[in-house]
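Visitor: Please show me the model, and then let us go through its sheet, its enclosed spaces and one side chain in turn.

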Amino acid sequence: MDIATLKELHPDHFARATAIRMLAIDAVEAANSGHPGMPMGMADVATVLFEKHLRFDASAPDWADRDRFILSAGHGSMLLYALLHLTGYEDMTLDQVKNFRQLGSITAGHPEFGHAKGIETTTGPLGQGIANAVGFAMAEEALRARFGKKVVDHYTYVIAGDGCLMEGISHEAIGLAGMQKLGKLIVFWDDNNISIDGKISLSDVTDQQKRFQAAGWHVVECDGHDPEDINEAIVKAKSTKKPSMIACKTHIGFGSPNRQDTAKAHGAPLGAEEIALVRDAYGWPHGPFDIPADILNAWRAIGSKGASDRTEWQERLATLSASRQKEFERVMSGEAPRKLASTVRALKKQISESRPKVATRKSSEMALEVLNPAVPETLGGSADLTGSNNTKTPDLGIFNPENRKGRYIHYGIREHGMAAAMNGMALHGGVKPYGGTFMCFTDYARGAMRLSALMGIPVTYVMTHDSIGLGEDGPTHQPVEHLAILRATPNINVFRPADTVETAEAWEIALSSTSTPSVLALSRQGLPTVRTEHKTKNLTAQGAYVLAEATTRRQAVLMATGSEVEIALAAREMLEQQGIGTRVVSMPCAELFAAQDEKYRRKVLPAGAVRVAIEAGVRQGWDRWLLGERGREAKAGFVGMDGFGASGPAEELYEKFGITAENVVETVKAML
């Protein structure tokens, strides 16, 4: 539908949609930076969605049963900011819109979770939003099954562009959503046939509608500038039990005489001359950022219409028993259950007494066997490695279309899609997601894991087969650089526990976290229990601690993580027999150790002694503890990897690469 027809047939709708377009145009122009074309093209779709379908209350943006709106095409952020301002979100003031992309504003270049209410997730890296949305929809299904339809019953809506659908993660996401039959998930595809380089035909020939249909989706198309057609498509989408993709045929830069339907509309300000032409085309005589009162009032009415829905929902919530209401509020807040700590303490005591020798992936399973019943909001899974990751416990049941009360998800071979879906679950609230794969395949999940950290959301990544200790699968599967990569990422706690006690402690921290994702790097090979004396205190929470003290004058400090702690203890015994007093420091989480005060760090790592770090990975990241913190280069050594691994039995690989107690002893003695 062209502008003249749209104005004639739907004048009120056109005025409201034009307010979105002009705020986007003016903000991008003021910032001299941004993407005006997508907001101009999708304003009609967004207007129909917010006016007629999206259930929300701008005065209560955190209402638990609101519909979620996700802008996967995050470069078009001004579409979202304009909607939040127009509908009356308190923090999205006109000044914030005017300060688009400026330092300190909440209107960042791409939407960032936590900056403003109504931003459900951080988007911009294309494809992440649509994959997050799958997690949002799965969380909604799980909570509806647990608490009932009268308190959990809402949709997840997504706007995605061609870039989102070209990214490989979208394939993982739509396949998972189709298999799970997520009927409360509706995706609007902004089908404008333009990317940065030009027409989509330069790089792609995919029939996206057939692609979604093949993945088990309901597909409908509409004229993205005809409000009646858009509305009809949404009604159809809401009538099916499948996830829906609405193909919205739009014009990027809609109404721009010289930029519409070209790549020039995508990622640059229109410029004063073109903006003047657009104002004429729209019949919009108002100045920059000037929204007439009648149009603003109409939008504010849209923003407040959900208040009655929210009130009715609160009344339904009140019909639950007091204990059920309290539990619903607890899980939505992210607060861990009170019995978490006592459950972990009981397991630790049992382990310290029985002293099993098991792989820490098995230790994790042992922890989950007691934690999953105690923390009923956990939603576990694996990327087709359940038997290897040890992530499924008998009480969970499988989450699928036939059993929404199931708490275990078979993600298939979709590491990236799994990680992004877990981000969506954590953002939705009410569930604590964890998922497993091999440590080496954090490479595949990396984009979503980085966003977990950036958003500050407590997703738990169970990454097993964490070193050359996995053996015969060889260097393609043996992580050597991955610990360093993860530790280099801000706001991730990377745990590499030495035994079952440390593993249980790591799980306690992960499940208690409210603002930091956790990675559990777990071994394939069996490890002895090194924490043989029961301590009620969570020592892993300190990041590092003295596991074994020197019996004579301390001359060496051995630092180790995970499977190498037993090597450090063996080296200590040999050094002590030679009269060299040796302390062993277990460092299950370097990030938490760095967060301790100077006094504690000095107590663990005092000056003077030789220091050797032992880890079956690369050295990067260890120099802070070897050379800093009162250390000296002349008295610092590292026993680990400086290249890729090899295929062979684990014991032989440790010998080949010199990660042995004997080599540790020689490294220490060479520096004394």
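Guide: This is a predicted model, in which local features need pLDDT of at least 70 and side-chain atom pairs count only at pLDDT 80 or more, while totals for chains, interfaces and linings use all residues. Residues are numbered from 1 along each chain as its sequence is written, and side-chain values use heavy atoms, with hydrogens and water left out.

Visitor: In what order do the six strands of the open sheet lie?

Guide: Strands here are DSSP runs of E of at least two residues, and helices runs of H or I of at least four, both numbered from the N terminus; two strands pair if DSSP finds at least two bridges between them. The pairing in this open sheet is parallel. Strand 10 (408–410) and strand 13 (493–495) each pair on one side only and are the edge strands. Read across, the six strands follow the order 10-9-11-12-14-13.

Visitor: Which residue of strand 12 stands opposite G435?

Guide: Strand 11 (residues 432–438) and strand 12 (residues 460–464) pair in the parallel sense, over five bridges. Opposite G435, strand 12 places Y461.

Visitor: What is the volume of the largest cavity?

Guide: A cavity is a set of points on a 1 Å grid over the protein atoms alone where a 1.4 Å probe fits but cannot get out, and its lining residues have an atom within 4 Å of a point. Grid points are joined across faces, edges and corners, and the volume is the space filled by probe spheres set on the points. The structure holds two cavities of 30 Å³ or more, and the lining of the largest comprises 13 residues, with L54, F69, Y89, G118 and E120 nearest its centre. The volume of this largest cavity is about 100 Å³.

Visitor: Which element gives the most to the lining of the second largest cavity?

Guide: The second largest cavity has a volume of about 30 Å³, and its lining includes F69, I70, L71, L80 and P111. With three residues, the element that gives the most to this lining is strand 1.

Visitor: Is T87 buried or exposed?

Guide: T87 has its place in helix 4, and its side chain reaches the backbone oxygen of L83 at 2.6 Å. A polar atom of that T87 side chain also lies 3.5 Å from the backbone oxygen of L84. Because its relative accessible area is 2%, and buried means under 20% (exposed over 50%, partly exposed in between, with a 1.4 Å probe and protein chains only), T87 is buried.

Definitions and conventions. On a 1 Å grid over the protein atoms alone, a cavity is a set of points where a 1.4 Å probe fits but cannot get out, and a pocket is an open set with protein on both sides within 12 Å along at least five of seven lines; lining residues have an atom within 4 Å of a point. A polar contact is a pair of N or O atoms within 3.5 Å; within protein, one must be able to donate a hydrogen and the other to accept it, and residues adjacent in sequence count only if both atoms are side-chain atoms.
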